[in-house]
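Here is a friendly walk through one model, written for someone who works at the bench. Have a look at the sequence and the 3D view, then read on.

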Amino acid sequence: MKDRVHSADIEFLIAEGGDLLISGEAGSGKTTLVKHFAYMTMKEPQWRGVALDGVLPVLVFLKDLHGFDATHADHDQQTAEALLNRSFRKSGCGLDVETVRTYCASGKALFFLDGLDEIPTELRDLVVNAFSAFRRDCRGGRFILSGRPHGLEGEVVEFIKDNRVTILPLAMDQVETFITRWFQNIEGSRSDLVQRTAHGLISDVKSHPGVERLIHNPLMLTAVCILYYDQKELPGQRAELYKKFVDNMLHRRFQDPEPVDNFLMTLAYNMHTSPKKLKGIDLPPAVEILKMVYPQGDRSAEEYNGYVRKKLEWIEPNCGLLKFDGGQLMFRHLTFQEFLTAA
């Protein structure tokens, strides 16, 4: 958003019109945001004075395009219509391209292309170019694109131009509201006991410097809430806190968490004990470290390299502890790297 530096409600910016490019770190709530706004368009004909009735939300989760060969695909497979059909089949949403075109013609189609960082560069450029052509052909649709910063480059910037916003970390008052509502939702109650439990976590968070570093991201804050809900207190020792936190994240997100945990520890150790004590690592050496955890087996060298790279592409966004920044892989907080090195 050109020359705007003030904070604003992103849902209001979406509602008030125009295309938008949303940048946010892993776990900042980008996908939840687009899902919630799509839900609102179906349930709230008026939202803060903005008319949403009759708007058709078209959700395209770009991770569903994994496996699409952007390099060798036929021309008719590279169109927005083909990509939409592929996405609709994957999601089972019941939409079809003709319906979408009808809503575009009446200016009521709102496209959400979520997860630009989750697909390879060549596929990302294909998607953006395909929808650029679709937008020129079907005037009347609006586009909301979202992804982590490293995925919002090249053709994407030209597609949206100046309308770019960044999701900010949660402020402490938002953290308190989040915690309170999380416990109310889990218990299905606003009883005094629920309020006391929420206030207990808020108090513990404020008295634990190690925890306070983790709570300004919805994904991390959710993990803290789950940890507290299970045990009714946060561990007194920072190392114990980090261990429980990491275990909790991995066991809830991976069917087989042990190799992922081993990879994170090995990665942290190699980065920390390098001559320069790296805070970031390029992808090729990260892949080589992951090979220490996932053996080649009977795969050919080419198959093995592809297998490990896909594993890394899956682990990085889902473990909640890593992020891409400046083309390098790094831990979201140096304290995670230090803890996993020690472990």
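In which helix does Lys-310 lie? Lys-310 lies in helix α14, residues 301-318. Before going further, please note that this is a predicted model, in which local features need pLDDT of at least 70 and side-chain atom pairs count only at pLDDT 80 or more, while totals for chains, interfaces and linings use all residues. Residues are numbered from 1 along each chain as its sequence is written, and side-chain values use heavy atoms, with hydrogens and water left out.

**Some single residues**

Helices (H or I, at least four residues) and strands (E, at least two) are DSSP runs, numbered from the N terminus. Buried means under 20% relative accessible area, exposed means over 50%, and partly exposed is in between, with a 1.4 Å probe and protein chains only. Because its relative accessible area is 59%, Lys-310 is exposed.

Two residues sit in loops. Gly-107 belongs to the loop between α4 (97-105) and β5, and with 46% relative accessibility it counts as partly exposed. Cys-93 is in the loop between α3 (80-91) and α4, and its 43% relative accessibility makes it partly exposed too.

Helix α8 (residues 192-207) holds Thr-197, and Ile-202 is found in α8 as well. Thr-197 counts as buried because its relative accessibility is 16%. Ile-202 is buried with a relative accessible area of 10%. Contact here means heavy atoms within 4.5 Å. Not counting neighbours within four places in sequence, Thr-197 is in contact with Phe-183 and Tyr-228. On the same basis, Ile-202 touches Glu-176, Ile-179 and Thr-180.

The table lists some C-alpha to C-alpha distances.

| Pair | Separation in sequence | C-alpha distance |
|---|---|---|
| Gly-107 and Asp-204 | 97 residues | 49 Å |
| Cys-93 and Ser-203 | 110 residues | 43 Å |
| Ile-202 and Val-58 | 144 residues | 38 Å |
| Lys-310 and Gly-141 | 169 residues | 34 Å |

**Strands β4, β5 and β6**

Two strands pair if DSSP finds at least two bridges between them. Strand β4 (residues 56-61) and strand β5 (residues 109-114) pair in the parallel sense over six bridges. Leu-59 has Phe-112 of β5 as its bridge partner, and Phe-61 stands opposite Asp-114 in β5. On to the next pairing: β5 and strand β6 (residues 142-147) run parallel and are joined by five bridges. There, Phe-112 has Ile-144 of β6 as its bridge partner.

How many residues of β5 are buried? Six of its six residues are, and the strand is mostly covered. β4 is also mostly covered, with five of its six residues buried. In a regular strand the side chains alternate between the two faces of the sheet. In β5 both faces are covered: Ala-109, Phe-111 and Leu-113 are buried on one side, and Leu-110, Phe-112 and Asp-114 are buried on the other.

**The nonpolar cores**

A nonpolar core is a set of buried Ala, Val, Leu, Ile, Met, Phe, Trp, Tyr and Cys residues joined through side-chain atoms within 4.5 Å. The largest one has 56 residues, and Phe-263 and Leu-264 have the most contacts inside it. Helix α10 (residues 218-231) gives this core its largest share, nine residues. Apart from this core lies another of 33 residues, among them Leu-62, Phe-68, Val-97 and Leu-113.

Leaving aside neighbours within four places in sequence, Phe-263 is in contact with residues including Ala-286, Ile-289, Leu-290 and Val-293. Its further partners include Leu-312, Ile-315 and Leu-322.

Helix α15 (residues 334-342) has Thr-335, Phe-336, Gln-337, Phe-339, Leu-340 and Thr-341 as its buried residues. These buried residues pack against α10, α11 (238-253), α12 (257-272) and β9 (328-331).
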